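Here is a short briefing on one structure. Please look through the sequence and the model before reading the points.

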There are 2 protein chains.
Amino acid sequence: MNLADYVIAKATQAKTAAPQLALLPTDVKNAALLAMADALESHEADLLKANQLDLHAAVELSPAAIDRLTLTPKRITEMATGLREVAALPDPVGQVFGMARRPNGMQVGRMRVPIGVIGIIYESRPNVTADAASLCLKSGNAVVLRGGSEAIQSNAAIVKVISEAGGKAGIPEGAITFIENPDRQISVLLLKQDKYIDLIIPRGGEGLMEFVTKESRIPVIKHDKGVCHTYVDASADLEMAESICFNAKVQRPGTCNAMETLLVHEGIAHKFLPPLIARYQEAGVDVRGCPRTAILAPSVTPAKESDWGTEFLDLVLAVRVVKDMNQAMEHIARYGSQHSEAIVTQDDSRSLRFLREVDAAAVFVNASTRLHDGYQFGLGAEIGISTTRIHARGAMGLEELTTSKFIVLGSGQLRE
Amino acid sequence: MNLADYVIAKATQAKTAAPQLALLPTDVKNAALLAMADALESHEADLLKANQLDLHAAVELSPAAIDRLTLTPKRITEMATGLREVAALPDPVGQVFGMARRPNGMQVGRMRVPIGVIGIIYESRPNVTADAASLCLKSGNAVVLRGGSEAIQSNAAIVKVISEAGGKAGIPEGAITFIENPDRQISVLLLKQDKYIDLIIPRGGEGLMEFVTKESRIPVIKHDKGVCHTYVDASADLEMAESICFNAKVQRPGTCNAMETLLVHEGIAHKFLPPLIARYQEAGVDVRGCPRTAILAPSVTPAKESDWGTEFLDLVLAVRVVKDMNQAMEHIARYGSQHSEAIVTQDDSRSLRFLREVDAAAVFVNASTRLHDGYQFGLGAEIGISTTRIHARGAMGLEELTTSKFIVLGSGQLRE
């Protein structure tokens, strides 16, 4: 079979499963998710063996990438726990909302329905395979999974285990469609299948985002980078501000919602920055400060222009003293990536203005940007954080994996 | 200036206006819309003169296309009325919804905000220029308008009039950006500007849809064709069914929500079809029937396989007698375009099943598919009917021209 036929066969398989999945009762989906979780745990040895094959082939990867690629018994248990949590979430499919009677007597509302077929193109972490498959299943969507070639054995093993368990529990064939051919041309072909695939979600680095944007004929919801700021206002509770700023940078610096730049009002910088910078440096953070920061804390590295707007994804932080909230908001508008932005202030009019005027997927008052997360926001599990402005912006849960249809209950209404 | 620089200059102009537009107070937007409406009426002579230039150049167009292109005093008044109606609609921007307190005490909700910059690529009707500009303005978006070359003088004149009036009323420059260069390559370049444009809405025929899908790096919401069915069930009130079926086909056959195929349960076909077909034929409808229809009404044209699934956009109707609702739903799934589908029945369990199982942007019980429309559905004005499955499906009003951001009100919450 040539590559084009292979891709169309895979996409057709998912497309064929989609209408059956859309009508699958909630209890069948939940039972399947629980069976899949059990199967992951009972096949631990197979999964670890497959993962070893990937790890042996992974000689050229960085230590961080190898860590992301590695499966352990603990990580397998976490995957299984994730599936059980998805089973416990409410089923969004079939929910009716916004029903209202029109002047001509007909009732119009909307019903939540699956999107159809969702293609996930992702790199490294094999747990994405189980996470994405479970969220798509629960929301009634068929999924086409295209993982990175470096994790192909691990991903294939996970799909085999969950597909078999799901199949026995009544999930139609094709519901979880896996692209096991690592040929790079496959991704290009996959992104042209707008007749079969309704949405593409890429998860990975900038190269992947650029590739998918360029090649896709299918709508794309990106999970792109986060250059997140925290602005500490003159009116901030400085103790609270210190906790928030420390948490936003240090708790897990490699994530898209970690703070990359700290902006501090000049009125409190002299009091606020020296102890915080000392605490950062003790924690191993490379602090890169503007000239005014360097005067207050001479131990910092001088910030270069390129530090503003950089997603370090590491224990590196750029710090700038600003003359007021306007300058902070201008900095955010210029260098931010519209991901997660925070203000620390006790002044209500400033917090309201910040909420209203800052353009980002999530805007925080007096809280750590690290809280931008589907679970923290009450969406249940999340498929990721969308940086696209349409359909779903910010943390995406089960509901964001659905669409709606209008439903109309009439009694003979006509168009005049 | 070369074409690429020209397109980037235009896109930059819109992108620069977007943040100002996003924060524009409702009363400024409304006053601008009313001023634009007045200006259209007071510049009637200029608009008609510009339209004459297009009409003189339009020697190769069909009579229907020339009709769509033609401006009249009545049509100019209708455009102005449309702008006044948009001014009267509630402003979706800034609405806060879904606010809830999380276990850690922070409050999380969402605020409705503009999408940013919306590109509208459209054919023929010059009224789209004013309609689209007004809806984008009211929803706080900058718009880039790319009309068809056949209407370029009319569109340019409309944009000139509304931009001047809007500018005087406080609308930032670039809010309504018009591409006055008719070079076809411009559209290709425009569709690559994902750094500046957040959403593309194409309005036109299949060729335009295919072109935009192929070329765009920007998310696209299509307004594609409608192959709409009405299924008349054995339990239908036949008088109601006849009114609905007649209305759905005849009231305005050239629209995407007009019925193209009628499916009739075999139990009532002998009673229902002959008088309805006679009425259709009196109204000039070319009825194309399946063999069983032809037995009941020998005057029909025999339907060819290609008639099923065709969007006639004309006084042509395909009619098929089906053995039951399952066969009707199979027909719809096979030949429909997931636009607008209707059932006529007095049986509640069948209507509920039809609502749940039929996959379309709007599903109707006992009403004409022609009612699929933003105004009829209570959305106010509409930018069109989306056939894309994400962001907005079916009739799109002002709310569907917005996105949201998460807003978080904390008191020092951290990620543990």
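Helix H11 of chain B covers residues 266-282 in this predicted model. H11(B) has 17 residues and reaches 24 Å from its first C-alpha to its last. That is close to the 24 Å expected at 1.5 Å a residue.

**Helix H11(B)**

- A kink of about 45° lies at Phe272(B). The proline Pro274(B) follows shortly after that kink.
- Phe272(B) is also one of the buried residues of H11(B). The others listed with Phe272(B) are Ala269(B), Leu273(B), Leu276(B), Ile277(B) and Tyr280(B).
- An α-helix has 3.6 residues a turn, so residues three or four places apart point the same way.
- What covers the buried residues of H11(B) includes four strands of chain B: E7 (228-232), E8 (259-265), E9 (286-289) and E11 (316-322). The cover also includes helices H10 (238-250) and H12 (291-296) of chain B.
- After H11(B) comes Gly284(B). The phi of Gly284(B) is positive, near 90°.

**Relation of the two chains**

- A turn of 180° with a shift of 0.0 Å along the axis lays chain B on chain A, at an RMSD of 0.0 Å. That is the relation of a two-fold axis.
- Which residue of chain B comes closest to the rotation axis? His391(B) does, with its C-alpha at 1.8 Å.

**Interface between chains A and B**

- In chain B, 60 residues are in contact with 60 residues of chain A.
- Elements of chain B that give two or more residues to this side are helices H9 (206-215), H10 and H14 (348-357), and strands E13 (362-367), E15 (394-396) and E16 (402-413).
- E16(B) supplies the largest share, 11 residues.
- By type, the side of chain B that touches chain A divides into 28 nonpolar, 19 polar and 13 charged residues.
- The copies meet through the same surface, because 100% of the interface residues of chain B are also interface residues in chain A.
- Strand E16 (residues 402-413) of chain A is joined to E13(B) by 5 bridges. The two strands run parallel.
- Phe406(A) has Ala362(B) in E13(B) as its bridge partner.

**Loop before H9(B)**

- Gly205(B) sits in the loop between strand E6 (199-203) and H9 of chain B.
- Gly205(B) counts as partly exposed because it has 13 C-beta neighbours inside 10 Å.
- Gly205(B) and Asn247(B) are 42 residues apart in sequence. In space, they are 24 Å apart, C-alpha to C-alpha.

Key. Residues numbered from 1 in each chain as written. Chains lettered and ligands numbered in written order. Predicted model: local features only at pLDDT ≥ 70, side-chain atom pairs only at ≥ 80, totals over all residues. Least-squares fit on C-alpha atoms with pLDDT ≥ 70 in both. Contact = placed C-beta atoms within 7 Å. Expected span 1.5 Å × (residues − 1). Bend = angle between axes of the 7 residues up to and from the residue. Buried ≥ 20, exposed ≤ 12 C-beta atoms within 10 Å, placed from the backbone. Nonpolar A, V, L, I, M, F, W, Y, C, P; charged D, E, K, R; others polar. Pairing = 2+ DSSP bridges.
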